[in-house]
Amino acid sequence: MNSSNVPPSGPVTAPVVGMVGAGQLARMTQQAAIALGIDLRVLANTRDESAAKVIVDTRLGDYRDLADLREFAKGCDAVTFDHEHVPTEHIRALTADGHAVHPGADALVHAQDKAVMRERLTEIGAPCPAWARVEDLAGVETFAEEHGWPVVLKAVRGGYDGRGVWVCETPDEAREVLGTGVALLAEAFVPFEREVAVLVARSAHGQGVSYPVVETVQKDGICVEVIAPAPGLGEEAAADAQRVALTIARDLGVTGLLAVEMFVTKSGLVVNELAMRPHNSGHWTIEGARTSQFEQHLRAVLNLPLGSPSMTAPVVVMANLLGGPDPDVYSRYEHVMANDPGIKIHFYGKDVRPGRKIGHVTALGTDLDEVRARAHHAVTCLRGPVDA
């Protein structure tokens, strides 16, 4: 046998993706990495974090420390994030060191800084509420004179899940928020009919895909349910929402996933928030789409061809599981599984606390009312008795 025809032997070198952050998003990304043969590395604060419990290549460090980030990035083919809190200057430093960081600092800053986001979205013509930077009560009152009360005050940096957002009906309420010392912007209150989200992915080559528009249901500032596709949203409105999200991804130079949260109003769509990572509004895609958001994000940051975002069923409902007073969630598995073998349950490996997001369930089917009822029954049972 000609030795030149013998294939080389030895271990296969898999690409390494480093994800800064070790929450449930990184944990669920590991599922997709296994199937793709990708080695996922995470940067965790402690071994007790959600992803650190299941990912072998877990490195301990502080995402705010550039030395820790540089050490973490060594040997990674791409570095990405499961949160937006890494300092922008550190991301620039990693890029200057020659690391492929996705999304890059120039894109991610729009998910970190709401004022920068509003400036850029306004510039590119995305539909936004009236807004202004405000530093004192006089600035808020001047804004209210033009746009009316209530005024929505938002922390420029750091807010999520309803935190860092205050709907102020009066100057006294605004004064109290200003007293926190947080950098703020003011937005006109949007009388929306409902909230929707569009999840898109974009590769460094510029390929982009959009998942179906979903409706998100909020309670106390936390998303409790996602319905795919958004019921009653016409084809034209859905296509417009997808177009807006893909345009934002392109114009902001996003590589990876981009979630665009929007308000549906009588006069059209209004962009509310951006997230540049896997997102709660896309958890339904694990079972409900041909390519999950987690696989799609890995494909995008490694510059691989993107997968199909089409749905696997006519209707998919994802319901978030919030902790209740009884932490023994696993004791209630049996009833949920026996009652509905089609329900898919995902736990995040977190300690149970009342109101804490500890997992989600997904139901698929053809009838929206029936699918929603199944998802609601599952999370209600898993959460346990309210007065336990």
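A residue is counted as buried when its relative accessible area is under 20%. In the predicted model described here, Tyr-211 falls in this class because its relative accessible area is 1%. Trp-284 is likewise buried, with a value of 1%.

These two residues belong to the aromatic pairs of the structure, which number five. The rings of Tyr-211 and Trp-284 are arranged edge-to-face, with 6.3 Å from centre to centre and 85 degrees between the planes. Tyr-211 is located in the loop that joins strand 10 (208-210) to strand 11 (214-219), and Trp-284 in the loop between strand 14 (268-275) and helix 9 (285-288); the pair therefore ties together parts that are 73 residues apart in sequence.

A stacked arrangement is found for Tyr-333 and Phe-347, whose ring centres are 5.4 Å apart and whose planes differ by 5 degrees. Tyr-333 is part of helix 11 (residues 333-339) and Phe-347 of strand 16 (residues 344-347), so that this pair connects parts separated by 14 residues in sequence. The accessibility of the two partners falls on either side of the 20% limit: Tyr-333 is partly exposed at 23%, whereas Phe-347 is buried at 15%. Together with Tyr-330, both residues belong to a cluster linked by ring pairs. An aromatic ring also takes part in a contact with a charged group: the charged end of Arg-64 is placed over the ring of Tyr-63, at 5.4 Å from the ring centre.

Among the elements of secondary structure, four strands form an open sheet in the order 5-8-6-7, and their pairing is antiparallel. Strand 5 (131-134) and strand 7 (165-168) are the edge strands, each paired on one side only. On average, and with direction ignored, neighbouring strands of this sheet are turned by 25 degrees against each other. Strand 6 (residues 151-155) and strand 7 run antiparallel and are joined by four bridges. Lys-154 has Val-165 of strand 7 as its bridge partner.

Two helices lie across strands of this sheet. Helix 5 (residues 114-124) lies across strand 5, strand 6 and strand 8 (184-188), at about 145 degrees to strand 5. Helix 7 (residues 171-178) lies across strand 6, strand 7 and strand 8, and runs at about 155 degrees to strand 7.

Arg-120 is a residue of helix 5. With a relative accessible area of 23%, Arg-120 is partly exposed. When neighbours within four places in sequence are left aside, the contacts of Arg-120 are with His-110, Asp-251 and Leu-252. The C-alpha atom of Arg-120 is separated by 27 Å from that of Leu-302, a residue 182 positions away along the chain.

With regard to covalent cross-links, a disulfide is a bond of this kind between the sulfur atoms of two cysteines. A search of the whole structure returned zero disulfides. Among the cysteines, Cys-128 is partly exposed, with a relative accessible area of 23%, while Cys-223 is buried, with a value of 8%.

Methods
Residues numbered from 1 in each chain as written. Predicted model: local features only at pLDDT ≥ 70, side-chain atom pairs only at ≥ 80, totals over all residues. Heavy atoms only, no water. Disulfide = S-S within 2.5 Å. Buried < 20%, exposed > 50% of the residue type's maximum accessible area, 1.4 Å probe, protein only. Phe/Tyr/Trp six-rings, centres within 6.5 Å; stacked < 30°, edge-to-face > 60°. Lys NZ or Arg CZ within 6 Å of the ring centre and 35° of its normal. Pairing = 2+ DSSP bridges. Axes fitted to C-alpha atoms, helices over the stretch in contact; angles between N-to-C directions. Contact = heavy atoms within 4.5 Å.
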